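Subject: Structure handover

Hello,

Here is the structure I said I would pass on. My notes on what was found follow below it.

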Amino acid sequence: MTSSATPTAVTYTRVMLKISGEALMGDQGYGLHPPTVQRIAEEVKSVHDLGVEICMVIGGGNIFRGLQGSAQGMERTTADYMGMLATVMNALAMQAALESLGVFTRVISAIPMDQVCEPYIRRRAVRHLEKKRVCIFAAGTGNPYFTTDTAATLRANEMACQAIFKGTKVDGVYDKDPKKHPDAKRYDTVSYDEVLQKHLGVMDASAIALARDNDLPIIVFSLDEPGGFRGILRGEGTYTRVHG
């Protein structure tokens, strides 16, 4: 999908970037892959250099996934809190990578842990964005039973972001898994209701409903495409837009 935006124009001036914890693993089976974290940080910096204000939410599935822990007999609430702590570890890793590139960054946690990051205070977070600091929101919503997709949508609304950018392994939303089905069809645009009705797996149902109720578009793109994040903000590249 390509638009006629001029090379210097940006489509949005404040955005939420949501990526999974698995995106930080690289080709490893678990954990953090420092070169991959650094590559993503460089993508974020390239967008920050355009003057765009950036929020981030990173999942924790590369370290611990609450639902999997719950499925193995652990109490769901405990498993979810462990997953939230995993997101804080990922956020700190991303902060270190961004600051090594000269990008001022704040990790803001829904669970207070003052020694390592700030507690979530909405007005303070907005002020950080206004000062062109990247804000990484960690520990989900601070509540069990809510995913980091829902946390990203909640924070995006609270921060008055103009869109959520969901970085994935593929360049948009398909009617089925394109890695398993060569005949899978990509959507240029798709409605919130279609995503829910067809179970397209963009985000979980709570996140999609929250985005729909607040008319917040979701841009699904490939995080593996070099320059993809920056390109879309300049009106270039391939992606799927989820909207009303």
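Element names first: helices (H or I, at least four residues) and strands (E, at least two) are DSSP runs, numbered from the N terminus. By that naming, Thr148 is found in helix H5. The model is a predicted one.

**Annotation**

The UniProt entry, which is unreviewed, lists residues 14–222 as "domain: Aspartate/glutamate/uridylate kinase". Across residues 14–222 the chain is 39% helix and 20% strand. The C-alpha atoms at the two ends of that stretch are 20 Å apart.

The unreviewed entry in UniProt also carries a "binding site" annotation, which covers Gly60, Asp80, Thr141, Gly142, Asn143, Pro144, Tyr145, Phe146, Thr147 and Thr148. From this set, Thr148 is part of the lining of the largest cavity.

Two of the annotated residues can be placed in more detail. Asn143 sits in the loop between strand E5 (134–138) and helix H5 (148–158). With a relative accessible area of 39%, Asn143 is partly exposed. Thr148 belongs to H5 and is buried, because its relative accessible area of 18% falls under the 20% cut-off. Beyond its neighbours within four places in sequence, Thr148 is in contact with Lys18, Val57, Ile58, Gly59 and Thr87.

**The cavity**

How many cavities of 30 Å³ or more does a search of the whole structure find? The search finds one. The volume of the largest cavity is about 40 Å³. Its lining is made up of Val57, Ile58, Thr87, Phe137, Ala138, Ala139, Gly140, Thr148, Ala151 and Arg155. Strand E2 (53–58), E5 and H5 are the elements that each give two or more residues to this lining. H5 gives the most, with three residues. By type, the cavity lining has six nonpolar residues, three polar and one charged.

Val57, Ile58 and Thr87 appear both among the contacts of Thr148 and in the cavity lining.

**The pockets**

The largest pocket holds about 600 Å³ of space. It is lined by 27 residues, and those closest to its centre are Thr168, Lys169, Val170, Gly172 and Gly201. Helix H1 (34–48), strand E6 (163–168) and strand E7 (173–174) are the elements that give two or more residues to the lining. E6 supplies the largest share, three residues. The lining of the largest pocket divides into 10 nonpolar, eight polar and nine charged residues.

The second largest pocket has about 470 Å³ of space. Which of its 24 lining residues are closest to its centre? They are Arg65, Gly66, Phe146, Thr147 and Thr148. Helix H2 (66–71), helix H3 (76–100) and H5 each give two or more residues to this lining. The largest share, five residues, comes from H3. The lining of the second largest pocket has six nonpolar, 11 polar and seven charged residues.

The second largest pocket thus brings the annotation back in: Phe146, Thr147 and Thr148 are among the residues closest to its centre, and the UniProt "binding site" annotation includes these three as well. Thr148 also lines the largest cavity.

**Helix H7**

Helix H7 spans residues 205–213, and its buried residues are Ala207, Ile208 and Ala211. Viewed down the axis of H7, these buried residues fall within an arc of 100°, so they line one face of the helix. They pack against H5, helix H6 (192–197) and strand E10 (218–222).

**Positive phi angles**

Two residues that are not glycine are worth a look for their backbone. Lys132 has a positive phi, near 65°. Lys132 lies in the loop between helix H4 (122–130) and E5, and it is partly exposed at a relative accessible area of 38%. Ala160 has a positive phi of about 60° and is placed in the loop between H5 and E6. Is Ala160 buried or exposed? Its relative accessible area is 52%, over the 50% cut-off, so Ala160 counts as exposed.

Regards

Technical notes:
Residues are numbered from 1 along each chain as its sequence is written. This is a predicted model: local features need pLDDT of at least 70, side-chain atom pairs count only at pLDDT 80 or more; totals for chains, interfaces and linings use all residues. Side-chain values use heavy atoms; hydrogens and water are left out. UniProt positions are given in the numbering used here, feature names are shortened, and annotations may be inferred rather than shown by experiment. On a 1 Å grid over the protein atoms alone, a cavity is a set of points where a 1.4 Å probe fits but cannot get out, and a pocket is an open set with protein on both sides within 12 Å along at least five of seven lines; lining residues have an atom within 4 Å of a point. Buried means under 20% relative accessible area, exposed over 50%, partly exposed in between (1.4 Å probe, protein chains only). Contact means heavy atoms within 4.5 Å. Grid points are joined across faces, edges and corners, and a volume is the space filled by probe spheres set on the points. Ala, Val, Leu, Ile, Met, Phe, Trp, Tyr, Cys and Pro count as nonpolar, Asp, Glu, Lys and Arg as charged, and the others, Gly among them, as polar. The arc is that of the directions from the helix axis to the C-beta atoms.
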